[in-house]
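Me: Hi! I have a model open and would love a quick tour. Can we start with what counts as a contact?

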Amino acid sequence: MTLPSPSKEKLKEIENLLFNFIWNNKTARVAKNIICQSYEYSGMRMTCLDSFCKSLKITWIRRYFDNSCSSQWKHLIKDLIPDISYLAIYGVDFYRKFKKEVKNAFWIDVFSALSDLRLCIDNLTSVLSPVWYNQDICINNKSICYRSWLKKGIQFVFDFYNTDGTLLGYHEFCTKFDLKTPFTLFFGVIDCIRKLHLNYDYDNIQRSQPFFPKFVQLITKSKQGGRDFYDVFINQKYRKPKSEIKWENILNLNVDNSWWKKQNILFFKITNDIQLRWFNYRIIHRILATNTFLCKIGITNTNLCSFCKIYPETLCHLFWECEFVENIWENALIWFKEQFGIDISLNKVDVLLGKYYKYYNIFNLIICIIKKHIYRSRSKNCKPSFERVKEEIVYYFHCEKHIYKKNGDMESFNKRWNLIMF
Ligand SMILES: [Zn+2]
C-alpha cells in the first residue's frame, strides 16, 4: 500500500500463476472478467489484481480528505502538489498535467487510480462536471484553469447557466460572480460549453446542493477499505457472459438481467458444498464436459449420448431429454408427492438452471444431487438409477445433519430441511 504498485508485467505474471492454478494449467474456460465478478454477476469472486492494487491506492485520497487525520505526509503531498486542495473540483485532465510534473512513482499510481475511478463513475459530460481541467473544455487544445474565476467560486459547468437553462451572457456572468474579466476569455469558455449541448435540469441541480462530485461521495462513503472502489472497477469490466445468451437461445428464454442475477446466486445460497457449487457453475457456464464438446476437441470419437447412444449428448439431452433420465425426474416427482406430500412440477429450465422457490429451495439442492448422480453415472459408464439416487439424497441429508450438529446449529438445519425429513 505504501509502495508503488508492481509493474503491469509483474501483475500479469502473478495473475497467470493464479489462473493457471485455478484452471490446472489448462485453457481458462471462463473469462477473467467474468470469474472476478460477484456471484450474482456470474462470477466466483476471484480477485482482480489490477483493480485490487488501484483500490488500495485510492484509499490514500480518502485519508487525504479525512480532516481528523493530521499526519505529516499530508504536508509532503501539499508540497508536491500545491493544488491538491482543489482535487474535488478539478477534472481528470489535472492528473495528466500532474503526471508530467511529479516524478514520485507512488503518487503517480495513486492519481492514475483515481483518474481511472472517475472515468468509471463520473458522468464527465454533464452540467455537473468540473469546468477546470475538463478534457471537453479546451482552449487551443488544452484544458483550462482560470485561478481568478476559481477564487470567485466558479467550479462546475452549471455555474455558467441561468436557472431557466440558458447560458449566461457576458454581463450577467460578470455581475453574478462579481468578476472583471476580458470578454474574449469568457466567450472562449462559453463557446466550448455551448458546443457540448448539455442537458440542464434546474431541479436536479438544486436538489444536489451543496454539490460534491460522485467520486468524492464514493471515496467518503466508507471509513476504511477499498471495497467500494474495487466494486466500481469490477462492475466496469462486466459483460454479459456468452453462456447466458446461448442458454436463452437454446431454452427459448425471454428473461432479463435480474432473472439471471437470481439464477446465478441461487446455488451459492442453497449450499456451501464447493463441489455442488462448482458442478452447477459449470452447467450455467456451459463448460461441463459432454460428448458433444469432447468430440469437438478430439478427445472422444463420438458425440452421442453415453446412455442412449442415439442423440448427441448436449447438456439439455443429458440432464432432461434422454429417455434414461426422463424416468428419474418422473420418479422423483412421485416420490416428493407420496413421501412428503409436496406437489411440484419441473421443466427443462428448472432442472438445468435451477428454479427460484420461495419455500421449496431445498428442492434445488435435491435437483442438484440428482444431476450430479446423472453426471457421475455418465462418467462411470453406467445408467442412472432412481433407487441409488434416493440413497444418495438420504446420505447427503445425514451428512449435513452431522455437520450442523457438530457446529451446534440444529435450528438452521431443521429450518433448511423442514419439508423433507428422513
Ligand atoms: Zn440419451
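Reply: Happy to! Two residues are in contact if their C-beta atoms, placed from the backbone, lie within 7 Å. Keep in mind that this is a predicted model.

Me: Great. Which residues in α3 meet which ones in α6?

Reply: On the α3 side you have K54, K57, I58, W60 and I61, and they meet D109, V110, A113, L114, D116 and L117 of α6. By class, this contact has 7 nonpolar and 4 charged residues, with no polar ones.

Me: And at what angle do the axes of α3 and α6 cross?

Reply: They cross at roughly 100° and come within 8 Å. That makes α3 roughly perpendicular to α6.

Me: Which residues of α6 are buried?

Reply: W107, V110, F111, A113, L114, S115, D116, L117 and R118. They pack against α3, α4 (73-80), α5 (93-101), α11 (214-219) and α12 (227-237).

Me: How far apart are the end C-alpha atoms of α6?

Reply: They are 25 Å apart. Helix α6 covers residues 105-121, and its 17 residues should span 24 Å at 1.5 Å a residue, so the two values agree.

Me: α5 came up just now. Which of its residues are buried?

Reply: D93, F94, Y95 and F98 are buried in α5. What covers them includes α6 and β2 (142-143).

Me: Let's zoom out. How many helices and strands does the protein chain have?

Reply: The chain has 22 helices and 2 strands. Its C-alpha trace spans about 90 × 50 × 45 Å along the principal axes.

Me: What is the radius of gyration, and what would a compact globule have?

Reply: The protein chain has 30 Å, while a compact globule of 422 residues would have a value near 22 Å.

Me: What share of the residues is buried?

Reply: Buried residues are 28% of the 422 in the chain. As for contacts with a separation of 6 or more, 63% of them come from residues 24 or more positions apart.

Me: Now the start of the chain. Does α1 lie in the open or is it buried, and why?

Reply: Helix α1 lies largely in the open, because the number of buried residues among its 15 is 0. This helix runs over residues 8-22 and reaches 21 Å from its first C-alpha to its last, close to the 21 Å expected at 1.5 Å a residue.

Me: What about N24, just after α1?

Reply: N24 takes a positive phi of about 55°.

Me: Where else should I look for positive phi in a residue other than glycine?

Reply: R45 is one of them, with phi near 55°. You'll find R45 in the loop between α2 (32-35) and α3 (49-65). H197 has a positive phi too, about 50°, and is not a glycine. H197 sits in the loop between α9 (183-195) and α10 (202-207).

Me: Are those two buried or exposed?

Reply: R45 counts as exposed, because it has 12 C-beta neighbours inside 10 Å. H197 also counts as exposed, with 7 C-beta neighbours inside 10 Å. The cut-off for exposed is 12 or fewer.

Me: Good. Switching to α20: is I369 buried or exposed?

Reply: I369 is buried, since 21 other C-beta atoms lie within 10 Å. It belongs to helix α20 (residues 362-380). Leaving out residues up to four places away in sequence, I369 touches E392, I393 and Y396.

Me: How far is I369 from L276?

Reply: Their C-alpha atoms are separated by 7.7 Å, although the two are 93 residues apart along the chain.

Me: And R378, where is that one?

Reply: R378 is in helix α20 as well. R378 is buried, with 23 other C-beta atoms within 10 Å. Residues up to four places away aside, R378 touches S306 and L318. From R378 to C305 is 73 residues in sequence and 8.9 Å in space, C-alpha to C-alpha.

Me: Last one: what does V325 touch?

Reply: Not counting residues up to four places away in sequence, V325 touches F319, W320, I374 and P384. V325 has its place in helix α18 (residues 323-340) and is buried, with 26 other C-beta atoms within 10 Å. V325 and F336 are 11 residues apart along the chain, and their C-alpha atoms are separated by 17 Å.

Conventions:
Residues are numbered from 1 along each chain as its sequence is written. This is a predicted model: local features need pLDDT of at least 70, side-chain atom pairs count only at pLDDT 80 or more; totals for chains, interfaces and linings use all residues. Helices (H or I, at least four residues) and strands (E, at least two) are DSSP runs, numbered from the N terminus. The radius of gyration is taken over C-alpha atoms; the globule rule is 2.2 Å times the number of residues to the power 0.38. A residue is buried if 20 or more other C-beta atoms lie within 10 Å of its own, exposed if 12 or fewer, and partly exposed in between; C-beta atoms are placed from the backbone. The expected span of a helix is 1.5 Å times one less than its number of residues. Axes are lines fitted to C-alpha atoms, for helices over the stretch in contact, and angles run from 0 to 180 degrees between N-to-C directions. Angles under 35 degrees count as roughly parallel, over 145 as roughly antiparallel, 65 to 115 as roughly perpendicular and the rest as oblique. Ala, Val, Leu, Ile, Met, Phe, Trp, Tyr, Cys and Pro count as nonpolar, Asp, Glu, Lys and Arg as charged, and the others, Gly among them, as polar.
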